[in-house]
Structures are given as structure tokens and as C-alpha cells.
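Colleague: I would like to learn how to read the features of a fold. Please take me through one.

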Amino acid sequence: MVMTTDGLVRLCLAAMLFVSGWVGAADDPEDPVTFSEAETRLWMTDQLKSIEQPITLTYAFEKSGSLEPGFKDSVTFNVTGVNTDGSKAASLQFFTGERNFPVPPVESTTVNPILKVYLQGDVYEMNRLTDPDGSARERWRYFQRRIKFALSEGASVEPKKFEFGGQEWSGFEVVFRPYINDPRRELFEQLAGKEYRFQISDELPGYVFRIETTVPGAGESAEPLLRETLQLVSAEPRG
């Protein structure tokens with residue numbers, strides 16, 4: 001995720017709205033209301049419907065890999081109230097200390113903003129890593145479009161079971177590689193094999209269980225160049 005001052009400002013602006021232009025991924029004026037299964041499961045569902053009382057969801061983040069130094073941090077999503085229409089009042093703290101950036105709370109939402117905020121940060125990171133001299137500051141929009149197209153046309157969605165809180169949960173895993181067949185991959189060849197995995201469940205408080213992105217190393221046994229994980233580690237009722 002972007003840690004530069006400029007990146008944090010832009011990511012904060014995106015997070016302020018809890019949305020980042022990720023819905024309507026196909027951008028096809030001839031077919032504006034058709035969504036893939038991946039799009040539907042990530043964007044077009046009430047992700048907070050299983051929450052019936054205020055709750056705090058804590059996610060552990062870790063960045064590793066051989067390309068650059070990694071770090072660990074945490075993300076906290078607070079559902080502070082349940083509205084009569086089923087929507088939730090909520091706030092988000094994405095990272096702590098010097099990495100933290102302010103995200104204003106919202107009075108009514110049906111989504112866990114972590115998916116969209118994470119992806120917005122991810123495309124800013126791709127911009128940073130592929131444009132070290134800062135000459136193509138808007139390249140992140142290209143990466144965003146590629147992810148949107150991948151979710152529209154090339155993502156797999158498979159049933160998935162996982163363990164959390166001492167019990168087994170049923171959900172789905174959405175997997176896609178947005179740059180593997182990219183016609184412009186020569187601009188970022190080192191990162192073109194990047195894979196995204198999202199584990200989600202309607203049963204789970206907050207819907208999102210795990211996000212993982214991996215950029216493989218040069219050989220089969222090589223350490224990944226980059227690997228990030230963001231995983232739910234606790235769900236505690238608020239007093």
C-alpha cells in the first residue's frame with residue numbers, strides 16, 4: 001500500500017467516500033447493467049447484513065517480499081450503530097501511527113470499505129513501483145481499469161471454506177490476474193504476474209475474511225517479489 005505523503009492524501013480522499021469508482025467495472029455503454037459473478041459478490045451485495053449489533057472488526061496486515069522492505073500493521077472497521085433500514089453507521093481506521101490516515105465516519109452504509117480502500121491503495125502502489133521518477137502520476141487509472149476489466153471478464157469465483165473464531169465458515173474465493181495478458185505489460189513486466197485473492201462470506205460479520213496479493217519471483221522456488229495479506233483476526237461486540 002502507498003506510504004508516500006502524496007499517496008496517502010489521494011488514498012484518504014478515496015477512503016472518505018467509502019467508494020472509489022470500482023462499481024460498473026465493464027464500462028460498457030451498450031450493456032450498463034450486466035455484472036459478472038465476481039463483480040456482484042464484491043460490489044453488489046449487502047456486506048453487513050449479518051451484523052445485528054455494534055461490532056469492531058480487526059484485520060492484521062503484512063507486507064513482505066524481496067523487492068523492498070515490508071511491514072506489519074492493522075486495520076479496524078467499527079460498526080457503531082444499526083439503522084432502522086438495516087444500514088450501518090461505521091468508521092474505518094486504516095493502519096496506525098505514522099501510516100494512519102483519517103477516514104471520516106459515515107452514518108449509513110451497507111458495505112465493508114476495506115475492499116475498495118485496499119484496491120485504491122493497490123493501484124497507487126502499482127503507479128509508484130512502475131513510475132519511480134513520477135512522470136506518469138495518473139498511471140494508477142490504467143491499473144484500476146485493468147482490475148475492473150479482470151473482475152468483469154476474467155475472474156474465477158469458487159466456493160471456499162475457512163476457519164475463523166473457532167468455527168468453519170462457508171464463502172467464496174475470487175481470484176484474478178489483471179495484467180497477465182495486458183497488451184502494455186512491457187511497461188511493468190516485473191509485476192505483470194500479480195495475482196489477487198479475496199475470500200468473502202455472507203455469513204461472516206463484515207463479509208471480508210482475507211485479501212492476498214502476490215507478485216511471484218523469477219523462478220518457481222523463488223521468494224515472491226511482493227506479497228500482502230489482510231486478514232480478519234477478531235470480531236468483538238462494542239460495549
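Modeller: Start with burial: 50% of the 239 residues in the protein chain are buried (under 20% relative accessible area with a 1.4 Å probe, protein chains only; exposed is over 50%, partly exposed in between). This is a predicted model: local features need pLDDT of at least 70, side-chain atom pairs count only at pLDDT 80 or more, and totals for chains, interfaces and linings use all residues. Residues are numbered from 1 along each chain as its sequence is written, and side-chain values use heavy atoms, leaving out hydrogens and water.

Colleague: How many helices and strands does the protein chain have?

Modeller: Helices are DSSP runs of H or I, at least four residues; strands are runs of E, at least two; both are numbered from the N terminus. Here there are four helices and nine strands. Their order along the sequence is α-α-β-β-β-β-α-α-β-β-β-β-β.

Colleague: Which strands pair with β6?

Modeller: Two strands pair if DSSP finds at least two bridges between them. Strand β5 (residues 156–164) pairs with β6 (residues 167–176) in the antiparallel sense over nine bridges. There, P159 stands opposite F172. Two residues separate the strands in this hairpin, and G165 has a positive phi near 60 degrees. β6 also pairs with β7 (residues 195–200), antiparallel, over five bridges. V174 has F198 in β7 as its bridge partner.

Colleague: Is S91 buried or exposed?

Modeller: In a regular strand, side chains alternate between the two faces of the sheet. S91 lies in β3 (residues 88–94). S91 is buried, because its relative accessible area is 19%.

Colleague: What is S91 in contact with, leaving aside neighbours within four places in sequence?

Modeller: Contact means heavy atoms within 4.5 Å. S91 touches T76, F77, N78, T80 and P105.
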